[in-house]
Amino acid sequence: MHITSEPAILYFGTPVVLVSTVNEDGSYNLAPISSVFWLGWRCVIGMGAVSKTVENLLRTKHCVLNLPSVHEAAQVNALALTTGSDPVPEGKKLKGYQTVRNKFERAGFTPEASLHVASPRVQECPVHLEAEVATVHGLAEDDPAKAGRIVTIELRIVKVHVDHTILADGEPNRIDPDKWRPLMMSFQKFYGLGKQVHASTLAEIPEHLYR
């Protein structure tokens, strides 16, 4: 039986992404998010408008989307309740956030130079997506209580780096989903993917046709 419900969040299950950006002093910021989706080589992320990551994206117009696997869960969790903003925004202060300037060190991650953007990659993550800002849109503009507080940012992926261990055998341009175990967020808890539960007709379409 279904009942009407009003959850405070609707994170039914999305991948965790570490967004790396460059601060105004040249240091690096690293923010875990899970409001993200891809269409081809375009990506849309959603974040609070006053976050340090959004501030950096609007200024520099670039970032790297680093996708952790289940093996990096503890390191990702070390970034919980941290922000690169100083002072801490009021909304985050109520949740117990604190300012941390060196998030790579905090989480035990290693910054690695990118090829096309100044933002660093996270060496330990199996997937790095170098990206440039295409457009920025406000969200919930029809709601006076939320207007101006959330933004969606369309990113153009310009370079993809993939750990060889998650590639399909003999196919350098195709990820093997049986080898790739992304870290997932569902209602504020971390999960991983299990085995395939059913054959997919869409898997019969050659991936190159999506280009």
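R42 is partly exposed, with a relative accessible area of 36%; partly exposed denotes the range between buried (under 20% relative accessible area) and exposed (over 50%), computed with a 1.4 Å probe and protein chains only. The model is a predicted one, in which local features need pLDDT of at least 70 and side-chain atom pairs count only at pLDDT 80 or more, while totals for chains, interfaces and linings use all residues. Residues are numbered from 1 along each chain as its sequence is written, and side-chain values use heavy atoms, with hydrogens and water left out.

The side chain of R42 meets that of E154 in a salt bridge, at 3.0 Å from N to O. A salt bridge is defined as a side-chain nitrogen of Lys or Arg within 4 Å of a carboxyl oxygen of Asp or Glu. This pair connects distant parts of the chain, since R42 belongs to strand 5 and E154 to strand 12, 112 residues apart. Strands (E, at least two residues) and helices (H or I, at least four) are DSSP runs numbered from the N terminus. E154 is itself partly exposed, at 23% relative accessible area. V44 also lies in strand 5, and its C-alpha is 4.5 Å from that of E154, although the two residues are 110 apart in sequence. V44 is partly exposed, with a relative accessible area of 24%. Apart from its neighbours within four places in sequence, V44 is in contact with S35, V36, F37, T152, I153 and E154, where contact means heavy atoms within 4.5 Å.

In total, the structure holds 10 salt bridges. One of them joins E132 and R156, whose closest N and O atoms are 3.1 Å apart. E132 is in strand 11 and R156 in strand 12, with their positions 24 residues apart in sequence. Both count as partly exposed, E132 at 26% relative accessible area and R156 at 30%. A further salt bridge is formed by the side chains of R121 and E112, at 3.5 Å from N to O. Here R121 is buried, with a relative accessible area of 9%, whereas E112 is partly exposed at 26%. In addition, E24, D25, K52, E55 and R101 are linked in a network of salt bridges.

The interior was examined next. The largest nonpolar core has 23 residues, and I45, L65, I153 and L155 have the most contacts inside it. Such a core is a set of buried Ala, Val, Leu, Ile, Met, Phe, Trp, Tyr and Cys residues joined through side-chain atoms within 4.5 Å. At least two residues of this core are supplied by each of strand 2 (17-22), strand 3 (28-33), strand 5 (42-48), helix 1 (52-60), strand 6 (62-67), strand 11 (127-138) and strand 12 (150-162). A second, separate core of 13 residues includes V76, A107, F109 and V122. Beyond its neighbours within four places in sequence, L65 is in contact with residues including V17, W38, I45, V127, L155 and I157.

In helix 1, the residues K52, T53, V54, N56 and L57 are buried. The buried residues of this helix pack against strand 2, strand 3, strand 5, strand 6, strand 11 and strand 12. K61 follows helix 1 and has a positive phi, near 70 degrees.

The structure also holds 2 aromatic pairs. Rings of Phe, Tyr and Trp (its six-membered ring) pair if their centres lie within 6.5 Å; planes under 30 degrees apart count as stacked, over 60 as edge-to-face and the rest as tilted. The rings of F12 and F187 have centres 5.1 Å apart and planes at 85 degrees, so this pair is edge-to-face. Because F12 lies in the segment before strand 1 (14-15) and F187 in the loop between strand 15 (183-186) and strand 16, the pair ties together parts that are 175 residues apart in sequence. F12 is exposed, at 63% relative accessible area, whereas F187 is partly exposed, at 33%. The rings of Y28 and F104 have centres 6.1 Å apart and planes at 65 degrees, and the pair is therefore edge-to-face. Y28 is in strand 3 and F104 in helix 4 (residues 103-107), 76 residues apart. Y28 is partly exposed, with a relative accessible area of 33%, while F104 is buried, at 4%.
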